[in-house]
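Got the viewer open? Set the chain to cartoon view, keep the sequence panel handy, and let's take a walk through it.

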Amino acid sequence: MKCKKCGGKTQVTDSEETPGGHMVMRRRQCTACGYRFKTTETFWEDVKAKNK
């Protein structure tokens with residue numbers, strides 16, 4: 001994933017799965033500028049099942 005600040009490459013520093021197991025929260029850090037941010041990822045199968 002690209003850094004939101006400078007566009008450089010990022011590394012995942014920590015990952016946590018939500019209690020229901022439907023999302024993953026990741027802490028990322030840019031290798032170029034050191035900017036830190038969090039992302040959430042939802043599993044596509046769960047999203048499709050909810051929309052039916």
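Here is a stop-by-stop tour, from the whole chain down to single residues.

Two notes before we start. This is a predicted model, where local features need pLDDT of at least 70 and side-chain atom pairs count only at pLDDT 80 or more, while totals for chains, interfaces and linings use all residues. Residues are numbered from 1 along each chain as its sequence is written, and side-chain values use heavy atoms, with hydrogens and water left out.

**Whole chain.** Start with everything selected. You have 1 helix and 3 strands on screen, and going along the sequence they come as β-β-β-α. (Helices are DSSP runs of H or I with at least four residues, strands are runs of E with at least two, and both are numbered from the N terminus.) Now switch on the surface: the chain exposes about 4300 Å², 50% of it supplied by carbon and sulfur atoms. That area comes from the Shrake-Rupley method with a 1.4 Å probe; for residues, only the protein chains shown count as cover. Of the 52 residues, 17% count as buried, meaning under 20% relative accessible area with a 1.4 Å probe, protein chains only.

**The sheet.** Next, select the strands. The 3 strands make an open, antiparallel sheet in the order 1-2-3. Its edges are strand 1 (10–17) and strand 3 (36–42), each pairing on one side only. Strands count as paired if DSSP finds at least two bridges between them. Turn the view and look for the twist, which averages 25° from one strand to the next. The angle is taken between N-to-C directions of axes, lines fitted to C-alpha atoms (for helices over the stretch in contact), and runs from 0 to 180 degrees.

**First hairpin.** Select 10–17 along with strand 2, residues 23–30. Strands 1 and 2 pair in the antiparallel sense over 7 bridges. Label serine 15 and you'll find its bridge partner, arginine 26, in strand 2. Glutamate 17 is partnered with valine 24 of strand 2. Between these strands sit 5 residues, and glycine 21 in this hairpin takes a positive phi near 80°.

**Second hairpin.** Which strand does strand 2 pair with over 7 bridges at this stop? Strand 3, again in the antiparallel sense. Click methionine 23, whose bridge partner in strand 3 is threonine 42. Finish at the turn: 5 residues lie between strand 2 and strand 3, and glycine 34 there has a positive phi of about 85°.

Notes
Buried means under 20% relative accessible area, exposed over 50%, partly exposed in between (1.4 Å probe, protein chains only).
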